[in-house]
Amino acid sequence: MSSYEVVFQKLREDILNGHYQHGDELREAAIGKELGVSRTPVREALRQLELEGLVTMVPNRGAYVNGISDQDVQDIYLIRARLEGLCARMAAERIDASTLEEMEETIMLTKFHEKNGHYDQLFKLDSRFHRLLYEACKSKILEHELKVFHQYVQQVRKNALKKESRAEQSTKEHEAVLQAIKAHDSDEADRLATLHILNSIKNNHYTQIEKLLEE
């Protein structure tokens with residue numbers, strides 16, 4: 001991984017997990033010193049973050065954090081719901097035996113940690129399930145896009161999974177998606193995966209998502 005990639009990944013993670021807040025200035029010299037790199041890779045990373053909408057570059061002033069707004073979260077979930085449905089559809093047709101086995105193991109571990117109230121583990125296993133689902137579709141482009149969207153809403157996901165009722169429902173939804181994939185039922189896998197993502201944010205009462213759930 002190049003210096004630019006290291007800086008980019010670190011800054012994006014710090015913005016998305018709330019380490020940097022909206023309006024915070026990102027100083028090239030300070031970041032370079034902290035990460036042990038020159039200002040050039042920091043500058044390149046900031047430009048890429050600006051393209052992703054996470055940073056605003058102000059001429060003669062510097063770079064400032066935009067962060068993720070409620071509208072951004074709503075948009076991401078709506079887009080992700082469609083893409084994740086497509087991903088599950090493709091996975092039902094393309095999944096290999098070893099990925100299927102890993103997904104089944106993930107469900108088993110999730111049920112164990114759910115029973116024991118290990119919510120930090122549930123967050124990690126939730127991420128693992130979706131990562132395996134993305135890999136199962138066998139599309140590098142779709143896998144990349146979904147992993148980015150998944151990372152963008154990590155704080156919302158973490159908060160949702162701390163609610164016992166949502167954690168339990170999420171596990172049931174994962175298992176239903178997996179059973180549809182295992183049965184190679186692409187239509188059902190698509191439907192269930194789409195519904196799962198919409199349900200993931202339903203408790204935030206986003207109007208567009210509630211409308212979709214009523215359809």
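Colleague: How much area does the protein expose, and what share of it do carbon and sulfur atoms supply?
Modeller: This is a predicted model, in which local features need pLDDT of at least 70, side-chain atom pairs count only at pLDDT 80 or more, and totals for chains, interfaces and linings use all residues. Residues are numbered from 1 along each chain as its sequence is written, and side-chain values use heavy atoms, without hydrogens and water. By the Shrake-Rupley method with a 1.4 Å probe, the protein exposes about 11,500 Å², of which carbon and sulfur atoms supply 49%.

Colleague: What percentage of the 215 residues is buried?
Modeller: Buried means under 20% relative accessible area (1.4 Å probe, protein chains only). Of the 215 residues in the protein, the buried ones make up 44%.

Colleague: Which residues is Ile31 in contact with, leaving aside its neighbours within four places in sequence?
Modeller: Ile31 is among the residues with the most contacts inside the largest nonpolar core, which has 28 residues. Such a core is a set of buried Ala, Val, Leu, Ile, Met, Phe, Trp, Tyr and Cys residues joined through side-chain atoms within 4.5 Å. With contact meaning heavy atoms within 4.5 Å, the partners of Ile31 beyond those neighbours are Val7, Leu11, Tyr20, Leu26 and Val42.

Colleague: Is H1 parallel or oblique to H7?
Modeller: Helices are DSSP runs (H or I, at least four residues) numbered from the N terminus, and axes are lines fitted to C-alpha atoms over the stretch in contact, with angles from 0 to 180 degrees between N-to-C directions. The axes of H1 and H7 come within 9 Å and cross at roughly 45°. Angles under 35 degrees count as roughly parallel, over 145 as roughly antiparallel, 65 to 115 as roughly perpendicular and the rest as oblique. The crossing therefore makes H1, relative to H7, oblique.

Notes:
Buried < 20%, exposed > 50% of the residue type's maximum accessible area, 1.4 Å probe, protein only. Helix = DSSP H or I, 4+ residues; strand = E, 2+ residues; numbered from the N terminus.
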